[in-house]
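Reader: I am new to reading protein models and would like a close look at a single part of this one. Please start with one residue and its surroundings, then work outward to the rest of the chain.

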Amino acid sequence: MSAKKKLQGEQEKETKMALDDAARVKVLSPARLVFKRFIRNKLAIFGICVLVALFLFCFLGPVFYPYEETEIFYGWREQNGEYAYSQIRSEFVSYWNPAHDDAFKKELSYVERNVNSTIKKMNASTNPDEQSRYRIQSTDGTYYDLVKLDDQVYALTDTLFIRIADYTGNALSGSVEFLEGQTDLGAEFTAAATAGFKSGSFEFGGKTYTFVKDPAGAKLDYDIYCNMDAPAEPHYYFVSTVLAPTFGDEEDFFKYGKDSAFKFNAYIALYTGASEFTYDGVTYATAFEEGAPLLRKNGEDCMYFSNFVATRKGGEDSIDLGFVRELEKVVRNMNENASAVGTEVVFTAISPKIVEGKEARDENGNKILEETEFTVKREQNDYTVWSVNSTYLMLIYEAPSADHLLGTDANGMDVLARVMYGGRISLLVGFIVVFIEMFIGVIMGGIAGYFGGWVDNLIMRLVDVFYCIPSMPILIITGALFDAQGMDYITRLIWMMAILGLLGWAGVARMVRGQILSLREQEFMVAAEASGLSTRRRIFSHLVPNVMPQLIVQATMGLGSVIITESTLSFLGLGVKHPLATWGNMMNNITQKVEYLSAYAYIWVPIGCLICLAVIAFNFVGDGLRDAFDPKMKR
């Protein structure tokens, strides 16, 4: 059979097709007709493609992506970080003789607390004797001497004066009463005391005697003290100094860094002329190099004393002696030149090599030293030392890379992973909220439209009430209430979806009610009622299915609005909270400061694009469905 005859046969067959032919009915199927109308809409197809891509990205993407939503990333980074702190110490600090217990220290606490003021008095005195030795009275009336061992070191020792008598009198006459245990020196001593009262001291028998006002006596009551010879080996109670040790030996740093007894012995040995001292079974040799005190162990410098103090950041690590000496030169020069606050000076020094935050060591366990560039910055009364080193830190705001395609956020989490998981929450919120709206709206609108009368009036007035509720203020107040109660993020998410659904059902109810009012008078509803179907079946089996096209359109277009609302609430900090991610709260985190918008555009731009795509796609699909269900459309 030729092709021409075959074509004629088919045309004749189509001509003879009856109106009730099954094939014709199939062609004119409403569902197929709606589908054909829908796929002719290019924007609707574009929206479907975008939504499919978004769902695959958000729900299937995390399966193949190696990072989790709340996974925090750390790593080693070279950065200009604080290395040490330093200052030139001017306050005297006291270190006690370990031979004295806490009870005795408490008795002399008043003396110790006033050491700095006493030293200022000694330096201001015009009496040479007081400049080197100053008498101090404790709270119990006992006298001690603060002696100057060096310009920067003072020690408390026994006084060289002993109280021998009480004196009552004035410049013309007086009486001397010797204390118990003291020898009465007779009338000549009283005469010498009276003659020397005005000057405050007198000589008698080759010794010097001094008057001191009796704090507990009457106006003219004084104590007489005798000047004694200094003992061959004076006893020291504590030593006060502005010097601080810099430990070159790490073992000594951890062992003696906070050991007051060790420091007392070291200062006494250095400034009383001892060539060495032994502490805890280890012998240390004393030395002075260019006027600076040193301690040596096994012939090597192990401790350096200076009023210049340098401490590693954190204070839990020793610091190299060579570095401290180089830093001290720079800081003292800045101090002498009265450098302004904020002044920075760059210098190089030999310091331990830092690898991944730790000092590198060779196979023998010794530190590996290298020349490093440091920057010293003057603060107020101290100096901060900076250097470029490797630091193990949280990788916050990392730029996009092969490891993190969209970089990391303020919490060191992978942005792309959180975008995927955040999309799940945002889309899930949209679907659940729309479902709640549809569920309540269909029931309320169906009942109102079918029954009419007072039921309709009651439900419509309720709808009017919900229309009048200012949704955004209510949501803001609710979010603040959740914050005040410290609600966990899962419970908060559930409540937020429920509230959004409850606030949005009124529009659905009004639309369903209007459709049912026009449908309930149709012939098929009269037939349903005549057949004895229950009211529930007439509403939900016959009326509501005829409203489904409009419901589908409204639900589809409502999804975009819900996503925008959720994103807005999360953006304002009132929606889903950290660590749960949504597109809204991710935008909120990046817009805390205006400068972040330009610096971290690689975070918020993709999120903003996804929100726009999702909303536009739902609107395109909604528009396409509305046009496809419209019976006035041309075939």
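Author: Take Ser86. Leaving out residues up to four places away in sequence, Ser86 touches Phe308, Val309, Ala310, Leu327, Val331, Asp382 and Tyr383. Ser86 itself sits in strand β1, which covers residues 74–88. Its relative accessibility is 2%, and the cut-off for a buried residue is under 20%, so Ser86 counts as buried.

The partners of Ser86 carry numbers such as 308 and 383, which leads to a point about the chain as a whole. Among contacts between residues at least 6 apart in sequence, 65% join residues at least 24 apart. Burial can be put on the same footing: of the 635 residues in the protein chain, 42% are buried. The secondary structure amounts to 21 helices and 22 strands.

All of this is read from a predicted model, and confidence belongs in the picture. The mean pLDDT of the protein chain is 81, with 88% of the residues scoring at least 70. Among the elements, strand β11 (residues 236–241) has the highest mean, 92, and helix α2 (residues 22–27) the lowest, 51. Where pLDDT is low, the predicted coordinates should not be read in detail.

A second strand residue makes a useful companion to Ser86. Lys207 belongs to strand β9, residues 207–213. With a relative accessibility of 40%, Lys207 counts as partly exposed. Setting aside neighbours within four places in sequence, its contacts are Phe202 and Cys226. The C-alpha atom of Lys207 is also 7.9 Å from that of Met228, a residue 21 places away along the chain.

Helices can be read in a similar way. In α7, which runs over residues 115–124, the buried residues are Val115, Asn116, Thr118, Ile119 and Met122. Viewed down the axis of α7, these buried residues fall within an arc of 160°, so they line one face of the helix. On the face turned away from that buried side are the exposed residues Lys120 and Ala124.

Helix α4, residues 42–64, contains Leu60. At 41% relative accessibility, Leu60 counts as partly exposed. Leu60 also takes part in a nonpolar surface patch of about 590 Å², together with Ile48, Val52, Leu56, Val63 and Phe64. For the surface in general, the protein chain exposes about 34300 Å², and carbon and sulfur atoms supply 56% of that area.

Two loop residues complete the tour. Asn298 is in the loop between β15 (292–297) and β16 (300–306). Its phi is near 55°, a positive value in a residue other than glycine. Asn298 has a relative accessible area of 74% and is exposed. Tyr397 lies in the loop between β22 (383–394) and α13 (415–451). Its phi is near 50°, again positive in a residue other than glycine. Tyr397, however, is buried, with a relative accessible area of 15%.

To return to the starting point: Ser86 is a buried residue of strand β1, and among the residues it touches are Leu327 and Asp382.

Notes
Residues are numbered from 1 along each chain as its sequence is written. This is a predicted model: local features need pLDDT of at least 70, side-chain atom pairs count only at pLDDT 80 or more; totals for chains, interfaces and linings use all residues. Side-chain values use heavy atoms; hydrogens and water are left out. Buried means under 20% relative accessible area, exposed over 50%, partly exposed in between (1.4 Å probe, protein chains only). Helices (H or I, at least four residues) and strands (E, at least two) are DSSP runs, numbered from the N terminus. The arc is that of the directions from the helix axis to the C-beta atoms. Contact means heavy atoms within 4.5 Å. Accessible areas come from the Shrake-Rupley method with a 1.4 Å probe; for residues, only the protein chains shown count as cover. pLDDT is the predictor's confidence in each residue, from 0 to 100. Patches are made of residues with over 30% relative accessible area and no salt bridge: like charges are joined within 9 Å, nonpolar side chains (Val, Leu, Ile, Met, Phe, Trp, Tyr) within 5 Å. A salt bridge is a side-chain nitrogen of Lys or Arg within 4 Å of a carboxyl oxygen of Asp or Glu.
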